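Good morning, and thank you for making time for this presentation. Please look at the model on the screen as I go through it.

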Amino acid sequence: MNYEDVMKLALERGFYFPSCEIYADAQAGFWEYGPSGVSLKNKFLELWRRELIRRDGMMEIDGSQIMSKSVFEASGHLGNFADPIIKCIKCKSTFRADRTIAEISKIEIPESADLIEFDNAVTQNNIKCPRCKGDFEKTRKFNMMFKVGIGPEEEEAYLRPETCQSIFVDFPRLFKTMRGKLPLGIAQVGKSFRNEIAPRQSLLRLREFYQAEIEVFCNPTKLDEMDRFSEIQNTIIRIQTDAEPISMTCMEAVESKVIPNKFVAYYLGILTEFYEKTGIDITKSRFRKLGDKEKAFYAEVAFDFEVETTIGWLELVACNYRSDYDLSSHAKKSNEKFEVMDNDEKVLPHVFEISMGIDRSLYTILEHSLRDDKENERIVLALKPYLSPIHVGILSLIKKDGLKEKTDEIYLQIKRKCDAFLDHSGAIGRRYRRLDEIGSPFAITVDYQTLEDETVTIRKRDSMEQSRIKISELQSIITESIAYP
RNA sequence: GCAGUCAUAGUAUAGCCUGGUUAGUAUUCGGGGUUUCCAACCCUGUGACGCGGGUUCGAAUCCCGCUGACUGCACCA
C-alpha cells in the first residue's frame with residue numbers, strides 16, 4: 001500500500017489530519033493526531049521505553065520547549081542552523097548563497113562566513129541569477145529556528161529545534177542527584193520545532209514534530225568495554241557504507257571495523273531489535289554511514305537508520321557520535337563544570353545520540369502494516385497487537401433479545417483492562433471491516449448461544465478465524481494476547 | 001522559496017469550457033426494518049462549492065490576490 005492509501009486511512013479513521021484545517025490561513029507543516037493516532041503513538045512510545053530506556057537503564061526527563069538564547073549560542077544553532085540565502089530582485093527565486101557562488105565562480109565560501117563575504121563575492125564575480133540573469137538582493141540568513149519573545153519586553157528565546165539540548169544543559173544536575181555512572185543514557189520525548197522552507201508529505205516533513213531522543217554519555221577511552229554487548233553480538237543489522245546494504249551481526253560489524261566500537265554497535269543493535277518489534281519490515285532497513293558532507297555540524301561519526309517505503313528511503317533515526325561537542329561548548333558558555341568521575345578518572349563525557357523521528361516512524365509502521373486483502377474485500381491494518389489503537393471490538397450480533405444488554409455487560413468488565421470498542425449497529429461484517437481498518441487484532445461477538453452458556457465468539461483480524469471462548473476466560477486471553485513482547 | 005497541475009460532503013467524484021431550478025452520483029456516517037457471523041437488502045436522515053476581493057441583475061462556474069495539496073527543482077543540522 002502506498003502513501004495515498006495511508007493518507008486516506010489516516011483521514012478517514014482518525015490517525016492524523018491537517019491542523020487548523022477549517023481556516024484558510026492554516027500553514028503547511030502542522031498536523032494533528034486523532035484518537036487512533038494518539039493511541040498508536042502512546043503504544044509506540046511505551047514500546048520504546050521498554051526496549052531502549054528500561055532495557056538499558058536510562059533516565060527520562062521532560063524539558064521546556066522554549067529555551068533561552070544562550071543555549072543556542074552555545075549549541076551552535078544560532079550560527080550554524082541557518083543557511084545564507086540570496087534572492088533575485090527580478091524573478092524572486094531564492095538560492096543558497098554559498099552553493100550558487102561556488103557553482104558559478106568556483107569560489108568556496110563556508111556557509112558560516114560573514115554575510116558581507118557573500119555580497120562581495122557576488123559583486124566581484126558579477127554573479128547573476130541562474131534563471132533570469134537578474135541581480136541579487138543582499139545576502140541574508142535564514143535561520144530555521146522559531147524565535148519567540150518572552151514577557152512584555154519580548155526577550156529573545158527560541159523554540160527548541162531538537163529536544164536534546166535540555167539533556168545536555170541538565171546533565172550536571174542529573175549526574176549528581178540521580179547518582180549517575182558512565183555510561184549513562186538520558187532520554188526525552190517531546191516536540192521540536194523547525195521552520196522548514198518546504199514542509200511536505202504530512203507527517204514526513206513537519207514544522208512541529210515529535211522526537212524521542214537518547215543521549216548516551218560515555219567515557220571516550222572505554223568505548224570497547226561494553227559488558228552488555230554480548231546481548232546483541234549475534235543480532236543481525238543491515239549496514240551500508242557503499243552501494244548496497246549488507247546484513248551482518250553486530251560482532252562482525254565491530255570486527256570488520258564497519259562500526260568503530262562495541263559501544264556504538266550495542267546501541268545500533270538494541271535499536272534494530274526495537275524496530276523489529278514495531279512491525280516495520282527490518283529487511284527493508286539500513287544503517288547508512290554518512291559521509292563528511294552529509295553529517296550534522298556536531299557529528300563525528302553518523303549512521304542514519306533508514307527504512308524503504310513506497311516513496312523511497314525514509315530517515316527514521318539519526319545516530320550521531322557527537323563527541324564532547326555539546327558538553328564542552330555549554331561548559332565554555334555557562335562556566336558550569338561538566339566533567340564527572342568515572343571510577344578514579346575525571347572525564348568530560350562524550351555523547352552518542354539516538355535521535356528518533358516519531359512521526360516518521362508511525363507513518364512507516366502504518367505503511368508497512370497496511371494490506372489490501374482483495375480476496376475478502378477488505379483493508380487490514382496488520383499492526384502488532386500491542387500497538388493497535390483498539391485491542392478488541394465488543395459486538396452484539398444483533399441488538400434485540402437481550403444481546404445488547406449482555407454485550408454492554410462484557411464491555412464494562414473489560415474496558416479498563418484494555419482498549420475496547422463497543423459497537424451494536426449495522427451488519428456484523430461491516431463492523432468487522434471497520435475494526436480491521438484500525439488494526440484491532442480481535443473482535444468478540446455476543447450471540448444467542450452466549451445467553452445459554454456464557455461463551456462468545458472471538459474473531460482474529462488477520463485470519464478472520466473464529467472460535468468460541470468462555471466469558472470468564474475472555475479477559476486473560478485478551479490481556480495475554482496484547483501484552484508487549 | 002520557484003515552476004507546473006489542482007482545490008466541490010468523512011472519502012472519491014460530476015457540474016465549470018458556454019454564468020441562471022432544490023449543486024448530481026457512489027461510498028461512508030446516524031435512525032428504523034430485515035437478516036442472525038463477514039462491507040447484502042429496504043425505508044429514512046445528516047453532510048460540500050478552500051479563503052478574500054472583483055465583474056454581473058445573478059458566480060461552484062469568468063477575472064485577480066491569498067492559502068493549501070500534488071509533482072519537479074532547491075533545501076533537509
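Ile239 has Ile246 of strand 13 as its bridge partner. This pair belongs to strand 12, residues 236-240, and strand 13, residues 246-249, which run antiparallel and are paired over four bridges. Five residues form the hairpin connection from strand 12 to strand 13. Two terms need stating here: strands are DSSP runs of E with at least two residues, helices are runs of H or I with at least four, and both are numbered from the N terminus. Two strands are called paired if DSSP finds at least two bridges between them.

Before I continue, a word on conventions. The model is predicted, and local features need pLDDT of at least 70, side-chain atom pairs count only at pLDDT 80 or more, while totals for chains, interfaces and linings use all residues. Residues are numbered from 1 along each chain as its sequence is written, chains are lettered from A and ligands numbered from 1 in the order in which they are written, and side-chain values use heavy atoms, with hydrogens and water left out.

A second hairpin involves strand 20, residues 370-373, and strand 21, residues 378-381, again antiparallel with four bridges. Within it, Asp373 faces Arg378 of strand 21. Four residues lie between these strands, and Glu377 of this hairpin adopts a positive phi near 50°. Another positive phi, about 55°, is found at Cys20, which is not a glycine. Cys20 sits in the loop that runs between strand 1 (16-18) and strand 2 (31-33).

Let me turn to the overall division of the chain. Chain A comprises domain 1 (3-74 + 152-368), domain 2 (82-143) and domain 3 (382-481), with bounds taken from an automatic or database domain assignment. Between the C-alpha centres of domain 1 and domain 2 the distance is 33 Å.

Next, the RNA. Which residues are closest to RNA strand B? They are Phe81, Arg194, Ala296, Ile398 and Arg434, out of 44 residues that surround the strand. Of the atoms of RNA strand B that come within 4 Å of the protein, 54% belong to sugar and phosphate. A residue counts as near the strand if one of its heavy atoms lies within 4 Å of it.

The polar contacts, pairs of N or O atoms within 3.5 Å, include both phosphate and base atoms. A polar side-chain atom of Tyr3 is 3.5 Å from a phosphate oxygen of RNA strand B. The side chain of Arg200 places an N or O atom 2.9 Å from a base oxygen, and that of Glu437 places one 3.1 Å from a base nitrogen. Helix 1 (3-12), strand 6 (94-96), helix 14 (428-437) and strand 25 (455-460) are the elements giving two or more residues to this surface. Helix 14 contributes the most, with seven residues. By residue class, the surface near RNA strand B has 17 nonpolar, eight polar and 19 charged residues. In this scheme Ala, Val, Leu, Ile, Met, Phe, Trp, Tyr, Cys and Pro are nonpolar, Asp, Glu, Lys and Arg are charged, and the others, Gly among them, are polar.

I close with empty space in the protein. On a 1 Å grid over the protein atoms alone, a cavity is a set of points where a 1.4 Å probe fits but cannot get out, a pocket is an open set with protein on both sides within 12 Å along at least five of seven lines, and lining residues have an atom within 4 Å of a point. Grid points are joined across faces, edges and corners, and a volume is the space filled by probe spheres set on the points.

The second largest pocket holds about 490 Å³. Its lining has 22 residues, with Lys181, Leu182, Pro183, Glu225 and Asp342 nearest the centre. Leu182 and Pro183 are joined by a cis peptide bond, with omega about -10°.

The largest cavity has a volume of about 40 Å³. Helix 12 (358-369) and helix 2 (35-56) each supply at least two lining residues, and helix 12 gives the most, with three. The lining consists of eight nonpolar residues, one polar and no charged.

Methods
A polar contact is a pair of N or O atoms within 3.5 Å; within protein, one must be able to donate a hydrogen and the other to accept it, and residues adjacent in sequence count only if both atoms are side-chain atoms.
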